[in-house]
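Me: Please take a close look at one part of this model and explain each term as you go.

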Amino acid sequence: MSTLTADDFFWTDAYLLGDPGMDDTHREFVALLDALLRAADDDLLVCLDALAEHVQAHFAQENAAMERSQFPARGCHIDEHAAVLASVRGVRARLADQSDTQACRRLARALADWFPAHTDHLDSALAHWLCKQRAGGKPIVLRRHVSGLTADND
Ligand SMILES: [Fe+2]
Ligand SMILES: [Fe+2]
């Protein structure tokens, strides 16, 4: 068991939504963001590029599911994706053009703060909607102990 530090960002089953595709995508997001948070200055660009590529596909996947299923609240969710993607691209340009490592590190912390609430509010509503369309009810989610703020996820 380890204690959280400012640079830790790890998967917890609190993020599980019960939609296997979305959950796999979110695990990948968490791993890539954790790598960015831990990266040395020389590795920031390659880590940010990997995260940017993921985020583009991640948001496109959710946006397509919202459009395909005519999810009623899709407007604000799609707008939030667009704003985050624009921030990632803007910081990527500053990092590549001006070596602005501080902007990159601020973005990484902001994404770590943003992801739990986005997942809890917007993505969970989408997962429920998709499950209701497929199976007529909410997804059943089995979470391992999620109450402690530790990195012990076994
Ligand atoms: Fe998501
Ligand atoms: Fe989302």
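Reply: A residue is called buried when its relative accessible area is under 20%, exposed when it is over 50%, and partly exposed in between, using a 1.4 Å probe and the protein chains only. This is a predicted model, in which local features need pLDDT of at least 70 and side-chain atom pairs count only at pLDDT 80 or more, while totals for chains, interfaces and linings use all residues. Residues are numbered from 1 along each chain as its sequence is written, chains are lettered from A and ligands numbered from 1 in the order in which they are written, and side-chain values use heavy atoms, without hydrogens and water.

The part to look at is helix α4, helices being DSSP runs of H or I with at least four residues, numbered from the N terminus. In this helix, W114 forms a ring pair, a term for Phe, Tyr or Trp rings (for Trp, the six-membered one) whose centres lie within 6.5 Å, with planes under 30 degrees apart called stacked, over 60 edge-to-face and the rest tilted. The structure holds nine such aromatic pairs. The ring centres of F29 and W114 are 6.2 Å apart and their planes stand at 65 degrees, so this pair is edge-to-face. F29 belongs to helix α1 (residues 20–38), so the pair links parts of the chain 85 residues apart. F29 and W114 are both buried, and ring pairs join them to a cluster that also includes F9, W11, Y15, F59 and F115.

How values were computed:
Helix = DSSP H or I, 4+ residues; strand = E, 2+ residues; numbered from the N terminus.
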